[in-house]
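Visitor: I would like to go through this model and hear the reasoning behind the labels attached to its residues and contacts.
Guide: Let us have it in view, then, and take the labels one at a time.

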Amino acid sequence: MSAADAVDRAVRTYLDHLTVEKGLALNTLTSYRRDLRRYREHLAGAGIDQLDQISESTVSEFLIRLREGSADHPPLSASSAARTVVAVRGFHKFAVADGLATLDPAAAVKPPTPAKRLPKALSLSDVEAILEAAGAPDTPLALRDRALLELLYGTGARISEAVGLDVDDISGGETDALLLRGKGGKERLVPIGSYARVAMDNYLVRGRPDLVSSASNAALFLNSRGGRLSRQSAWTVLVKAAERAGVTRDVSPHTLRHSFATHLLDGGADVRVVQELLGHASVTTTQVYTLVTVDNLREVFATAHPRARHG
């Protein structure tokens, strides 16, 4: 029996094991058979004809080929490549357990992580319905809820950034902006649209004074006991407002953040400006993004965001 036949025989033994002892479905077995056939072709192309000749780099190179594509197949997505690597890892683990090989070169090769799917942006009408629902009836907590959600949608702030705000983080006048503290302690100034500004002023004048328990409490958003609003409570505010508004889709604070970005881009905003507003741009470590001043941000925001100013 040739060495190549030995590799094929090991694969067939593994597939028999999956069929008889694991009882995998026919479609699953077909996928495993295809994935392992690609793997055998990769080994043959590398001049490898013994299982114990396979190294971790051999398996890693196979993964790279899957993602890059070849003359035999187009580039595979992360999920398809991950499935193929799972088949290869299972094969090598079996080969060691069954005494067909002494080493498992695939043990440390991790399948690629599929890209996270962004939540679908809400329509502007759904956002407006949620914001209206948050502000009714006119009570201190409702004023807080309206201000919170207007701020989340109007600035693209992360939920942790919003609940972490202090009253002094809001600037007024011509420099109407908000100081947000993002991941890694990075700070950024973002413009506040007129809808969010009005909601914030209403809350600060008629809502927060009734909630605050101590003059020394600097937190912007307060709970019913006068302490800083938690992330979970802020999340609940949004969910309940969506329910009252009749919005049946699952919503989260990140849904509002994604809707903020999507609606800005739909309004013609430059993607680099949106990245800066979201706190994604790292102008000190990469040349990909352009440094944008807060004046530039305010101008683009006022033009592109649907709730930048009252009509």
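Visitor: Why is Y14 called buried?
Guide: This is a predicted model, and in it Y14 has a relative accessible area of 5%; because buried means under 20%, Y14 falls in that class.

Visitor: What makes F94 count as buried or exposed?
Guide: The relative accessibility of F94 is 12%, which is again set against the limit of under 20%, so F94 counts as buried.

Visitor: Why is the pair of Y14 and F94 called tilted?
Guide: The ring centres of Y14 and F94 are 5.4 Å apart, and rings pair if their centres lie within 6.5 Å. The planes stand at 40°, and since planes under 30 degrees apart would count as stacked and those over 60 as edge-to-face, the pair is tilted. The pair also links distant parts of the chain, with Y14 in helix 1 and F94 in helix 4, 80 residues apart. Y14 and F94 belong, together with Y32 and F91, to one aromatic cluster, and the structure holds five aromatic pairs.

Visitor: How do you know that D138 and R206 meet in a salt bridge?
Guide: The N to O distance between their side chains is 3.1 Å, and the cut-off is within 4 Å, so D138 and R206 qualify as a salt bridge. D138 lies in the loop between helix 5 and helix 6, whereas R206 is in helix 8, so the pair ties together parts that are 68 residues apart in sequence.

Visitor: What makes D138 exposed, and R206 partly exposed?
Guide: D138 has a relative accessible area of 52%, and exposed means over 50%, so D138 is given that label. R206, at 40%, lies between the limits of 20% and 50%, and therefore counts as partly exposed.

Visitor: Why is the contact of R197 with D201 called a salt bridge, and where does this pair lie?
Guide: The closest N and O atoms of R197 and D201 are 2.9 Å apart, which satisfies the requirement of within 4 Å. Both residues are in helix 8, and being four residues apart they are separated by about one helical turn. R197 counts as buried at 15% relative accessibility, while D201, at 32%, counts as partly exposed.

Visitor: How many salt bridges does the structure hold?
Guide: The structure holds 13 salt bridges, among them the one between E161 and R188.

Conventions: Residues are numbered from 1 along each chain as its sequence is written. This is a predicted model: local features need pLDDT of at least 70, side-chain atom pairs count only at pLDDT 80 or more; totals for chains, interfaces and linings use all residues. Side-chain values use heavy atoms; hydrogens and water are left out. Helices (H or I, at least four residues) and strands (E, at least two) are DSSP runs, numbered from the N terminus. Buried means under 20% relative accessible area, exposed over 50%, partly exposed in between (1.4 Å probe, protein chains only). Rings of Phe, Tyr and Trp (its six-membered ring) pair if their centres lie within 6.5 Å; planes under 30 degrees apart count as stacked, over 60 as edge-to-face and the rest as tilted.
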